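This report describes a protein chain from its fold down to its side-chain contacts. Please view the sequence and coordinates first.

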Amino acid sequence: MRASSPTTKPHVVHALALALRGVPFHEIGRVIGIGRVSAWKAFKKALHRQTNQDIQTHHRIELAELDMEKANIWRAMDANKDDWRAQMAGTSQLNRIHVRRARLLGLDAPTKLDVTGIYQRGGTDLHAEQLAREAVIEALPIEEQRRIYELFYQAGLRAKAGDFSQPAIATTVSNGSDNRIDDDSEPDPQ
């Protein structure tokens with residue numbers, strides 16, 4: 001006859017130990033003498049009782065199991081030195097163990113990528129650009145400065161009124177001098 005609930009501490013500890021070894025809860029219940037649901041509840045109760053200690057225990061157990069698997073793989077690889085398939089299979093298994101160990105220890109934490117600089121420019125960059133534009137404008141003769149300020153003032157008034165009827169200014173952008181020589185043209189004598 002099965003007990004109705006895992007009230008005794010040995011059941012809880014035993015359920016935790018078996019669950020950490022990967023034993024299914026229906027098997028844990030059979031071994032301890034309780035039901036599957038009761039075994040699951042005992043496991044949860046043990047985890048909630050000392051979560052940090054249990055997680056550290058689980059990590060230590062997991063690391064020990066990885067060490068045992070690694071030793072077994074090395075033994076199999078040493079026993080089959082002439083079989084390249086066994087060597088490749090062992091290497092693949094060792095790689096998976098290394099990956100699992102790195103994840104378990106948190107060595108493969110995700111890299112944080114700060115993309116705010118890509119989409120948004122900081123105040124320092126904008127301030128430097130603004131100072132450079134002001135310096136260029138101040139280097140112009142006073143009549144040109146007045147004309148530029150008047151143009152911007154008028155454009156601001158039109159934009160505020162929603163008047164965008166003026167055609168866009170056609171521009172040409174180049175990446176340097178255009179040194180192409182047409183086949184039909186004569187070279188420029190100097």
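The text below covers the overall make-up, helix H2, the nonpolar cores and the salt bridges.

**Overall make-up**

The structure is a predicted model. The protein chain holds 8 helices and 0 strands, and reading along the sequence gives the pattern α-α-α-α-α-α-α-α. Of its 190 residues, 17% count as buried. The chain exposes about 15900 Å², with 55% of that area supplied by carbon and sulfur atoms. For contacts between residues at least 6 apart in sequence, 51% join residues at least 24 apart.

**Helix H2**

Helix H2 spans residues 25-32, and its buried residues are Ile28, Gly29 and Ile32. These residues sit on the same side of H2, because they cover an arc of only 100° around the axis. Gly33 follows H2 and has a positive phi, near 100°.

H2 also carries a salt bridge between the side chains of Glu27 and Arg30, at 2.7 Å from N to O. The two residues both lie in H2, 3 residues apart, which is about one turn of the helix. Glu27 is partly exposed, with a relative accessible area of 26%, whereas Arg30 counts as exposed at 53%.

**Nonpolar cores**

Which residues of the largest nonpolar core touch the most other members? They are Ala15, Leu16, Ile28, Ile32 and Phe43, in a core of 13 residues. Helix H1 (9-20), H2 and helix H3 (36-49) are the elements that give two or more residues to this core. H1 provides the largest share, 6 residues.

Two of the buried residues of H2, Ile28 and Ile32, are thus named again in this core. Leaving out residues up to four places away in sequence, Ile28 touches Ala15, Leu18, Ala19, Val23 and Ala39. Another core, of 5 residues, lies apart from the largest one and includes Ile73, Met77, Leu94 and Ile97.

**Salt bridges**

Side chains of opposite charge can pair when their charged atoms come close. The whole structure contains 4 salt bridges, among them the following pairs, listed with the distance between N and O atoms.

| Acidic residue | Basic residue | N to O distance |
|---|---|---|
| Glu27 | Arg30 | 2.7 Å |
| Glu62 | Arg100 | 3.6 Å |
| Asp67 | Arg101 | 2.7 Å |

The closest N and O atoms of Glu62 and Arg100 are 3.6 Å apart. Glu62 belongs to helix H4 (residues 51-79) and Arg100 to helix H5 (residues 84-105), so this pair ties together parts that are 38 residues apart in sequence. Is Glu62 buried or exposed? At 16% relative accessibility, Glu62 counts as buried, because the cut-off for buried is under 20%. Its partner Arg100 counts as partly exposed at 33%.

Asp67 forms a salt bridge with Arg101. This pair also links distant parts of the chain, with Asp67 in helix H4 and Arg101 in helix H5, 34 residues apart. The relative accessible area of Asp67 is 41%, which makes this residue partly exposed.

Helices H4 and H5 are therefore joined by the Glu62 and Arg100 pair, and Asp67 in H4 is linked to Arg101 in H5. The bridge between Glu27 and Arg30, in contrast, has both residues in H2.

Notes
Residues are numbered from 1 along each chain as its sequence is written. This is a predicted model: local features need pLDDT of at least 70, side-chain atom pairs count only at pLDDT 80 or more; totals for chains, interfaces and linings use all residues. Side-chain values use heavy atoms; hydrogens and water are left out. Helices (H or I, at least four residues) and strands (E, at least two) are DSSP runs, numbered from the N terminus. Buried means under 20% relative accessible area, exposed over 50%, partly exposed in between (1.4 Å probe, protein chains only). Contact means heavy atoms within 4.5 Å. Accessible areas come from the Shrake-Rupley method with a 1.4 Å probe; for residues, only the protein chains shown count as cover. The arc is that of the directions from the helix axis to the C-beta atoms. A nonpolar core is a set of buried Ala, Val, Leu, Ile, Met, Phe, Trp, Tyr and Cys residues joined through side-chain atoms within 4.5 Å.
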